[in-house]
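Please brief me on how the interior of this protein is packed. Keep it to short points that can be checked against the model.

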Amino acid sequence: MSDVLIGAEELHHWLQEQPTPVVLDCRARLGDPEAGIRLWREGHVPASRHLDLDRDLASSPGVRGRHPLPEPGDFAATLRRLGVEPGRPVVVYDDMGGQLAAARAWWMLAQWAGHPDVRVLDGGLPAWRGAGGTLVEGEQAETSASDWAPVFDDDTWVEADEVFSSRALKLDARSRERFRGENEPVDALAGHIPGARCRPSADNLDESGRFKSPEALREAFPGASDVISYCGSGVTACHNILAHAVAGLPLPKLYVGSWSEWIRDPARPVATGD
């Protein structure tokens, strides 16, 4: 298993050891900001705590896109509240193979905030249940806060102006239909950044919802050393970054604002088709 992934059985063993990992439930539904906490209350991995896509992993939508990064101080306070510190491993999960919010949480914790040991539950909640893992209901139990003051690495992400001028390969994690401009269910304008290549995040997973092998991922990605990953709002783009890590490839930078920010400036070019 990759050092950025953890299997359901291994997580079960980890939860029996001390110190236990910090387990964060990142389930979310786009367009329904209350879905994550509701799903968590209905049933979650024992000892896990809810980490909210819209409230914890992003700031308010606006000119910077639908899921801009929170202020570093705000995210640091969230991590301290959840008991996250460098000496305890962290496991994040969702129920979509990491595509929606778990990969975003992994990127923010491991790449931006610099936590040394963050794993994504491979296969997510379905894999946990498939391995016989139980779920518990209810509200979050009290936990000891940490005093961690992470040092954020802003070289891991880029602004729109850098995307515009960069010769880096741009990888678009959205579906092929959205990339080609045939269907745009979320944003006001369809298409993609000129010169980008389409790599849907779903293509990183096998039929069971787990990551494909490192070898298969290495064959699928172009292997460029300078890559910018983007999507609709900087969430599923993190899945392609995570897949690079699973494959042992150099990690792309994240264009956080992604398409939802790109199209806010009419001076930015838009392409359609393949």
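The points below cover the basis of the model, its nonpolar cores, a helix pair and a covered helix.

This is a predicted model: local features need pLDDT of at least 70, side-chain atom pairs count only at pLDDT 80 or more, and totals for chains, interfaces and linings use all residues. Residues are numbered from 1 along each chain as its sequence is written, and side-chain values use heavy atoms, with hydrogens and water left out.

**Nonpolar cores**
- The largest nonpolar core (buried Ala, Val, Leu, Ile, Met, Phe, Trp, Tyr and Cys residues joined through side-chain atoms within 4.5 Å) has 55 residues.
- Leu 24, Phe 75, Val 92, Trp 106, Trp 107 and Leu 109 have the most contacts inside this core.
- Among the elements that each supply at least two residues of this core are strand 2 (22-25), helix 3 (72-81) and helix 9; helix 4 gives the most, with nine residues.
- Apart from it lies another core, of 13 residues, including Phe 179 and Trp 259.

**Helix 3 and helix 4**
- The two axes (lines fitted to C-alpha atoms over the stretch in contact, with angles from 0 to 180 degrees between N-to-C directions) come within 13 Å and cross at roughly 100°.
- Helix 3 and helix 4 are therefore roughly perpendicular (65 to 115 degrees) to each other.
- Pro 72, Phe 75 and Leu 79 of helix 3 make the contact (heavy atoms within 4.5 Å) with Met 108, Leu 109 and Trp 112 of helix 4.

**Helix 9**
- Helix 9 (residues 237-247; helices are DSSP runs of H or I, at least four residues, and strands of E, at least two, numbered from the N terminus) has 11 of its 11 residues buried (under 20% relative accessible area, 1.4 Å probe, protein chains only).
- Gly 248, with a positive phi near 75°, follows helix 9.

Notes: Buried means under 20% relative accessible area, exposed over 50%, partly exposed in between (1.4 Å probe, protein chains only). Angles under 35 degrees count as roughly parallel, over 145 as roughly antiparallel, 65 to 115 as roughly perpendicular and the rest as oblique.
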